[in-house]
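The exercises below are to be worked with the sequence and the coordinates open side by side. Each task is followed by a solution that goes step by step.

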Amino acid sequence: MAEPAGTGPRPLRVAVVGAGPAGIYAAEALAGQDDVPVAVDLVDRLPTPFGLVRHGIAPDHVKMRALRETLHHTLDHERVRFVGNVEIGTDLSLDELRRHVDAVVYTYGAAGDRRLGVPGEELPGSLAATDVVAWYCGHPDADRARVEDAVLRARDVVVVGVGNVALDVARVLARSPAELDPTEMPQHVLDTLAAAPVERVTVLGRRGPAQATFTTQELRELGHLARATVLVHPGDLTDAGDAALAAEDRHVARNLAALQGFSENQPVAGWTTVRLQFHARPVRLLGTDRVTGVEVERTTVDEDGRAVGTGETSTLPADLVVRSVGYQGHALPGLPLEAGTVPHQAGRVLRDGVPSTGEYVAGWIKRGPTGVVGTNKHDARETVASLLADAASGVLAPRGDDDWVDTLVARGGRPVLLADWRAIDAAEIALGAVHGRARTTLHDREQLLAAVRSAAAAVEG
């Protein structure tokens with residue numbers, strides 16, 4: 001009888017699919033314990049690690065993006081191997097990966113966008129926040145042509161949603177070129193934003209301000225833009241139900257206080273305006289060849305906290321509409337998915353209601369797109385505790401001893417390892433120095449891989 005995985009002459013071999021915060025926290029929890037010897041492969045389809053810390057947090061949030069320096073400690077751990085530029089399901093099937101390792105932890109997130117479900121949503125000039133964020137963060141898969149075509153026409157912008165991502169998009173579009181220039185944005189993003197004719201940004205909340213999901217910190221940051229004024233209609237802040245919620249919830253109270261301050265603002269000539277408009281839901285995007293406006297219905301909030309239409313409508317001009325109404329997970333080929341998440345029990349993947357030996361899940365694809373970056377740490381620890389308990393009880397049997405990365409390379413794959421990532425990192429820092437910045441993001445996959453090849457050639461030379 002084979003010894004349980006991790007108790008024989010070789011360590012427990014675990015592949016973590018997704019090198020964002022959830023994956024890195026899972027790798028950290030595995031590598032940081034001594035009860036079960038482990039070897040962890042941190043796998044990502046991109047040539048770069050850090051997931052939404054690199055490609056989701058807005059580049060003008062410098063302190064938040066600095067979290068990657070903390071995450072990098074795990075990449076440097078002797079028990080962890082970063083393997084980027086590998087897409088499970090395309091470069092290597094899930095079954096193939098599972099034949100080479102003792103356990104797999106899926107942490108690939110929930111990057112899909114939710115739709116409004118209104119007429120006109122398919123018109124040019126209508127974008128998902130995921131598209132815009134990917135573009136300004138330099139994601140290799142960003143649809144640059146489509147986003148830049150929309151942004152360069154955008155005098156009037158409507159952002160649908162009142163979460164942190166919606167405020168990120170509004171803030172970035174309203175910032176002056178001087179504010180954005182020191183950031184890590186790719187140069188073509190900075191050039192496009194500098195040329196964009198944005199004058200008005202309207203952020204629509206389908207319910208009242210007390211139901212908004214943005215944090216107070218994100219909200220207050222809008223008030224510190226160099227050449228933009230935040231406006232709120234005082235009538236949106238008079239609901240007795242909001243006042244009652246504020247009395248019970250300090251977060252709501254802080255948000256309402258910040259909004260009250262904005263309601264006292266007046267437009268400034270020559271400045272961009274950012275208007276936060278509540279009790280307003282889009283019912284139709286207007287236009288023939290592209291978006292020209294949004295038909296908006298006034299709403300009230302019922303006893304269950306739902307937005308209910310009043311039938312009263314108005315029209316907002318819009319050259320660009322950005323929907324920011326949530327993320328959803330997608331299926332990895334061969335992995336079950338229910339309502340946008342992988343079914344699980346304490347992190348153990350369920351197939352037909354039964355725990356699947358050697359399969360685990362953590363992060364957004366486990367619990368849905370909720371919480372902040374730090375939420376993933378507790379989430380990952382729960383999953384890793386289940387995995388280690390299975391290893392200790394003999395549930396996990398050792399599989400093959402050959403290295404799946406060697407198999408991938410033999411068939412022509414181009415995995416990016418930690419030394420290769422360091423070459424990319426150095427290339428971005430060098431590119432940033434040319435423009436007087438700490439870093440400039442390389443956005444193109446071939447540019448990223450070219451940095452790897454260049455560094456390799458320098459070593460060989």
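**Exercise 1.** In this predicted model, determine how many of the eleven residues of helix α1 (residues 21–31) are buried, and state what this implies for the surroundings of the helix.

*Solution.* Begin with the criterion, under which a residue is buried if its relative accessible area is under 20%. Applied along the helix, this criterion selects P21, A22, G23, I24, Y25, A26, A27, L30 and A31. Nine of the eleven residues of α1 are therefore buried, which means that the helix is largely enclosed by the rest of the structure. The last step is to identify the cover: among the elements that lie over these buried residues are β1 (12–17), β2, α2, α4 (67–75), β3 (80–83) and α15 (375–393).

**Exercise 2.** Compare F50 and D352, each a residue other than glycine with a positive phi, and decide for each whether it is buried or exposed.

*Solution.* Start with the backbone: phi is near 90 degrees for F50 and near 55 degrees for D352. Next, place the residues in the fold, where F50 belongs to the loop between β2 (38–43) and α2 (52–55), while D352 sits in the loop between β17 (348–351) and β18 (354–361). Finally, consult the accessibility: F50, with a relative accessible area of 2%, is buried, whereas D352, at 84% relative accessibility, counts as exposed.

**Exercise 3.** Find the aromatic pairs of the structure and describe the geometry of each.

*Solution.* The description needs two quantities, since a pair of aromatic rings is characterised by the distance of the centres and the angle of the planes. The structure holds two such pairs. In one of them, F50 and W421 are arranged edge-to-face, with 5.8 Å from centre to centre and 80 degrees between the planes. This pair links distant parts of the chain, as F50 is in the loop between β2 and α2 and W421 is in helix α17, 371 residues apart. Both F50 and W421 are buried.

The other pair, Y327 with W364, is tilted, its centres being 5.3 Å apart and its planes 50 degrees apart. Because Y327 lies in strand β15 (residues 327–328) and W364 in helix α14 (residues 364–367), the pair ties together parts that are 37 residues apart in sequence. Y327 and W364 are both buried.

**Exercise 4.** Locate P415 and establish which residues are in contact with P415 once its neighbours within four places in sequence are left aside.

*Solution.* P415 occupies the loop between α16 (404–410) and α17 (418–434), and at 15% relative accessibility P415 counts as buried. A search for heavy atoms within 4.5 Å then returns V83, G84, V86, V405, L408, V409 and D420. As a further step, compare the backbone positions of P415 and E87: these residues are 328 residues apart along the chain, yet their C-alpha atoms are separated by 9.8 Å.

**Exercise 5.** Characterise the second largest pocket by its volume, by the residues closest to its centre and by the classes of its lining.

*Solution.* The volume comes to about 350 Å³. Of the 19 lining residues, P59, D60, H61, V62 and K63 are the closest to the centre of the pocket. Turning to secondary structure, α3 (62–65), α4 and α11 (216–221) each supply at least two lining residues, and α3 gives the most, with four. Sorting the lining by class yields six nonpolar, three polar and ten charged residues.

How values were computed:
Residues are numbered from 1 along each chain as its sequence is written. This is a predicted model: local features need pLDDT of at least 70, side-chain atom pairs count only at pLDDT 80 or more; totals for chains, interfaces and linings use all residues. Side-chain values use heavy atoms; hydrogens and water are left out. Buried means under 20% relative accessible area, exposed over 50%, partly exposed in between (1.4 Å probe, protein chains only). Rings of Phe, Tyr and Trp (its six-membered ring) pair if their centres lie within 6.5 Å; planes under 30 degrees apart count as stacked, over 60 as edge-to-face and the rest as tilted. On a 1 Å grid over the protein atoms alone, a cavity is a set of points where a 1.4 Å probe fits but cannot get out, and a pocket is an open set with protein on both sides within 12 Å along at least five of seven lines; lining residues have an atom within 4 Å of a point. Grid points are joined across faces, edges and corners, and a volume is the space filled by probe spheres set on the points. Ala, Val, Leu, Ile, Met, Phe, Trp, Tyr, Cys and Pro count as nonpolar, Asp, Glu, Lys and Arg as charged, and the others, Gly among them, as polar.
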